[in-house]
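This report goes from the overall build of one chain to a single helix within it. Please keep the sequence and the structure in view while reading.

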Amino acid sequence: MIVNTEIIENIILEQYPGVLETLLRDHTTQKNIFWATNDYEHLGEGYKYNNQILIELITGNNGKIVMPRVKKDKILQQNRSKKMAEVFTPSWVCNAQNNLIDNAWFGRENIFNTEIKENNGNSTWKVNQEKITFPKHKTWQDYIKDTRLEITCGEAPYITSRYDTTTGEFIPIKNRIGLLDRKLRIINENVNTSGEWLKAAQIAYKNIYAFEWHGDNLLLARISMLITFIENYQYKFGKKPVLKSINYIAYIISWNVWQMDGIKGVIPNSCGYKIETRVNLFGEIKIKKTKCVGCQKNDIFRHNGIYCLIKDWTSGKKIRFIDLMKGYIK
């Protein structure tokens, strides 16, 4: 079991060859995800806003550079909150909101747990220990196939609650409340062979999506989802999954959890001026700069930046994320 105090990037690099490379991949740009923050530029070359996040920048002696928000310097936390409205949600709030989704899906309350208000004013939850039962005309397979999306996901506390993002407290598997945690619980309760479990887990991961602006948060989210897979397999079967299975889950995550400006649907800061160069009859060079129309008119479908791609796992085709919103946004 990997706990939140360990340097997970080093563990992944040493124990799972090739996996960290996959987790750093951006399928839209065909490069690595990039920092998209100035928080690390004081560290020197390779840590500036537009630099790609490279393995050597976050492993070895640099293994403690990318840390969960709760471990960041308090001033850095405040700056991120002020500049980018970065606020991390306590696990009990994530649980309450995720419960609302399941209440609607199941048609009843307290499916996975019961929310509890403690005497000191804090909130928590009590896990339902009974095997989850399903409403008429719905099955456990329907549940793991049902698509979930966390917007501006940060470290993805709504997807997997390996630790509370506000306290850093590690949460055991049986007490987790994330959208992915719930799907994996359902699989653990209904599948008993390794092969069937892996197929079901792959379906669950293909139906969990999230996007995030900051590269460090995105990496932490991807890592948490990967470790959640390893931990649940080990919890169920008493051993770790093989490298091939781990790398495939990492590949799914690298597609489904991507770097994006959620307002524009493009790679962060990829919009800019369109520059046209013309030569008139007198041989004079005229340069025309045109600002991004989408930015000027606040029109998500007319940006000149790099629109983010995701994968349709049914057809195997790449699609633009914004194309999924046509018909919903005018």
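How many helices and strands does the chain have? In this predicted model, the chain has 11 helices and 11 strands. Its radius of gyration is 22 Å, which agrees with the value near 20 Å that a compact globule of 330 residues would have, and the C-alpha trace spans about 85 × 50 × 45 Å along its principal axes. Of the contacts between residues at least 6 apart in sequence, 66% join residues at least 24 apart, and 50% of the 330 residues count as buried.

The exposed area of the chain comes to about 17000 Å², of which carbon and sulfur atoms supply 52%. The charged side chains comprise 47 positive and 34 negative ones, and the centres of the two sets lie 6 Å apart.

Helix α5 covers residues 91-106, and because its 16 residues should span 22 Å at 1.5 Å a residue, the 22 Å between its end C-alpha atoms agrees with expectation. Its buried residues include Ser91, Val93, Cys94, Asn95 and Ala96, and further along the helix Asp102, Asn103, Trp105 and Phe106. The elements against which the buried residues of α5 pack are listed below.

| Element | Residues |
|---|---|
| β3 | 113-117 |
| β4 | 123-127 |
| α6 | 140-145 |
| β5 | 148-150 |
| α7 | 179-190 |

Just after α5, glycine 107 takes a positive phi of about 80 degrees.

Conventions. Residues numbered from 1 in each chain as written. Predicted model: local features only at pLDDT ≥ 70, side-chain atom pairs only at ≥ 80, totals over all residues. Heavy atoms only, no water. Helix = DSSP H or I, 4+ residues; strand = E, 2+ residues; numbered from the N terminus. Rg over C-alpha atoms; globule rule 2.2 N^0.38 Å. Buried < 20%, exposed > 50% of the residue type's maximum accessible area, 1.4 Å probe, protein only. Contact = heavy atoms within 4.5 Å. Areas by Shrake-Rupley, 256 points an atom, 1.4 Å probe, with all protein chains shown as cover. Lys, Arg positive; Asp, Glu negative; His and termini not counted. Charge placed at Lys NZ, Arg CZ, Asp CG, Glu CD. Expected span 1.5 Å × (residues − 1).
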